[in-house]
Amino acid sequence: MEKGFFHHALTIREDICTGCSLCMRVCPTGALRIRDGKARLTEDRCVDCGECFRSCPVNAIIIEQDDFSRIFDYKHRVALVPAVLHGQFRHEVSMAEISTVLRSLGFTWVYEVEHGAEVLKPAIEDLMKVRTLPRPLISTYCPAVVRLIQVRFPALIRNLATLRAPLEMAAFYCRKVLRDRGAHNAEIGVFYVTPCAAKIAAVKSPVGEESTPITGVINMDFIYNKINRTLRNKGELARGEEHPYTVDPDTLVWSLTNGEASCVNGRTLAIDGINNVTEFLEQLENDEITGVDYLELRACDEGCAGGVLLSSNRFLVAERLRTKALTLKPVKITPGTEEIPGIEAYSDYLMNKVRITAEIRPRSMYRLSDDRDEAMKMMKRSRRLMCWLPGTDCGLCGAPSCQSLAEDIVRHKADISQCVFIRESNMDKELMDKERSSEIMRRIWGDNNFTKNCNKKGAENESN
Amino acid sequence: MAMSFEYKVEGGDFTHAGYASSQVKKMLKQLGVDSTVIKRVVVCLYEAEVNIVAHAYSGTISVNLDTDTINMKLADKGPGIADIEQAMQKGFSTASPEVREMGFGAGMGLPNISANADRFVITSEPGTGTTLEISINLNSAAV
């Protein structure tokens with residue numbers, strides 16, 4: 001299998017990883033194994049959903065971001081801010097205040113990502129009118145979902161609504177506005193404040209390999225900390241002018257569960273949580289589900305409010321944002337009087353860019369071999385191995401399930417003696433000695449897990 | 001080289017309908033079969049499986065898989081089909097209102113299988129049961 005097909009934003013820091021295997025147990029695509037006491041990632045299976053990051057008790061999984069000082073390489077520095085950032089602060093903290101803090105960090109323009117959804121609304125409607133497209137159309141908003149479909153449900157690729165995300169539309173708009181006012185493309189840096197790893201991966205290697213208008217990413221937790229510090233230290237904040245281009249209340253909640261689906265006509269469904277999404281896609285692929293027109297699928301619970309880079313409780317974020325949307329008074333601006341024309345003024349320009357034209361290719365993770373005969377042999381062997389493996393999915397072999405160990409063995413990536421049950425019976429039959437068995441165990445779990453360590457979580461001298 | 005599997009189907013148990021389709025689907029993915037072909041296999045198998053659940057008392061799905069072809073035989077013990085030609089018409093269904101309520105029994109099952117299979121043979125003995133034999137070539141993407 002091709003290596004590095006996907007760019008991954010998640011990295012495991014070996015110096016910190018204790019090989020506890022929590023991440024291996026939650027990974028929805030079975031992309032993690034334990035070797036030498038460390039978690040190892042099989043890159044072509046990873047969809048960047050971030051579940052491993054969420055589960056890691058020692059913060060050994062990090063999400064790459066661009067060096068913040070990079071923004072100063074550009075004369076025009078745009079921060080694209082998703083609404084969930086605002087949802088993390090008390091209601092009294094206005095969006096304008098947050099913009100002011102971001103500008104004080106060095107950005108010259110702070111723009112809400114959700115404006116881009118204004119372009120998506122008619123674009124989705126247009127796509128829904130195309131009778132030749134399969135139903136349901138599946139939103140491509142969440143990059144982890146798109147990747148999940150590529151690796152696990154390739155038959156559903158044709159259902160993907162080939163539209164770019166609001167983020168990209170907002171970025172195209174900002175670039176266009178600045179260019180129309182005399183800036184050169186090379187002088188414009190568009191930075192996205194990301195709520196998750198999947199968005200980073202999508203920016204770095206876009207679906208269908210399209211070119212991206214986004215220069216770099218800044219992780220939302222970094223920005224959250226900066227804003228919180230400023231708000232707490234300054235006592236009173238230099239109140240910024242209220243941003244005149246207020247986001248439409250409907251689109252402000254686009255990233256929350258049912259935010260997008262509720263804007264689409266027809267029978268729509270909104271599903272959040274990667275395991276719920278997987279279960280639904282499994283049934284959809286079997287043709288068990290019919291009569292649905294549009295699917296909004298999000299890898300995180302509560303949509304982007306549950307993004308792995310958010311610092312606040314997802315339910316509070318969602319609630320605050322919904323309340324904000326209800327109380328938001330759209331500012332009416334007389335056309336022609338505004339300093340910068342709003343995104344609607346560029347709708348023709350943006351509608352030309354909204355479609356993903358490059359092909360979204362399948363990357364099946366199941367395929368055992370490119371040679372059908374060989375694959376058949378491997379499948380038979382794996383089923384034979386399953387007769388011997390206990391089916392307890394204890395994970396002591398360093399794989400998440402007996403089934404995955406069997407498949408690793410036929411792929412020559414593991415050995416049957418990694419199974420503790422097999423070793424025990426071999427020792428009973430005197431086919432293996434104790435030393436050998438213990439050596440195998442240490443090869444999987446590393447020596448550290450066999451020595452006393454009072455600093456580990458929950459132990460006497462717990463420290464991080 | 002070939003592999004064979006057998007799955008039991010319980011009449012009336014809609015909760016577990018679709019198990020055989022999911023298992024077969026996973027195996028075809030492991031073999032690297034084209035997704036449009038997998039889709040056709042799964043449509044046939046799922047429709048046929050639901051037919052047994054909806055109409056018969058019990059049934060057996062036998063799958064025979066080699067590198068080029070999948071042969072599926074679905075034999076049920078049930079009321080059988082009196083007029084096969086009529087049953088093959090789009091929209092014809094003897095499904096009960098309860099079954100239709102659940103979203104099954106639209107009368108598309110058999111015609112759908114026929115449209116997706118490369119070879120489809122249906123035999124039935126009223127009062128005894130129905131047997132479906134479905135074959136799909138794993139190498140061609142065209143219907």
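How many residues lie between E2(B) and E3(B) in the hairpin they form? Hi everyone, let's start there. The answer is 2. Before I go on, please keep in mind that this is a predicted model.

So, chain B. The two strands of that hairpin, E2(B), residues 58–66, and E3(B), run antiparallel and are joined by 8 bridges. If you'd like to find some of the pairs on your screen, B:Gly59 has B:Asp76 as its bridge partner in E3(B), and B:Ile61 sits opposite B:Leu74.

Now stay with E3(B) and look across to E5(B), which covers residues 129–137. These two strands also pair in the antiparallel sense, over 7 bridges. Here you can spot B:Ile70 facing B:Ile136 in E5(B).

Let's zoom out to the sheet. It is an open one with 5 strands, in the order E1-E2-E3-E5-E4 of chain B, and the pairing is antiparallel. At the edges you'll see E1(B), residues 2–10, and E4(B), residues 119–125, each of which pairs on one side only. From one strand to the next, the twist averages 10°.

Which way do the side chains of E3(B) point? In a regular strand they alternate between the two faces of the sheet. Along E3(B), residues 69–77, that is what happens: B:Ile70, B:Met72, B:Leu74 and B:Asp76 point to one face and are buried. B:Thr69, B:Asn71, B:Lys73, B:Ala75 and B:Lys77 point to the other face and are not buried.

Over to chain A, where there is another hairpin. E2(A), residues 32–35, and E3(A), residues 38–41, run antiparallel with 4 bridges between them. One pair to look for is A:Ile34 with A:Ala39. There are 2 residues between the strands, and in this hairpin A:Asp36 takes a positive phi near 50°.

My last stop is helix H12(A), residues 314–327. With 14 residues at 1.5 Å a residue, the helix should span 20 Å, and its end C-alpha atoms are 20 Å apart, so the two agree.

Which residues of H12(A) are buried? They are A:Arg314, A:Val317, A:Ala318, A:Arg320, A:Leu321 and A:Ala325. Because they cover an arc of only 165° around the axis, they lie on the same side of H12(A). Among the elements covering these buried residues are helix H3(A), 83–86, and helix H10(A), 249–252. Turn the helix around, and the face away from its buried side carries the exposed residues A:Phe315, A:Thr323, A:Leu326 and A:Thr327.

That's my tour, thanks for listening!

Key:
Residues are numbered from 1 along each chain as its sequence is written. Chains are lettered from A and ligands numbered from 1 in the order in which they are written. This is a predicted model: local features need pLDDT of at least 70, side-chain atom pairs count only at pLDDT 80 or more; totals for chains, interfaces and linings use all residues. A residue is buried if 20 or more other C-beta atoms lie within 10 Å of its own, exposed if 12 or fewer, and partly exposed in between; C-beta atoms are placed from the backbone. Two strands pair if DSSP finds at least two bridges between them. The expected span of a helix is 1.5 Å times one less than its number of residues. The arc is that of the directions from the helix axis to the C-beta atoms. Two residues are in contact if their C-beta atoms, placed from the backbone, lie within 7 Å. Axes are lines fitted to C-alpha atoms, for helices over the stretch in contact, and angles run from 0 to 180 degrees between N-to-C directions.
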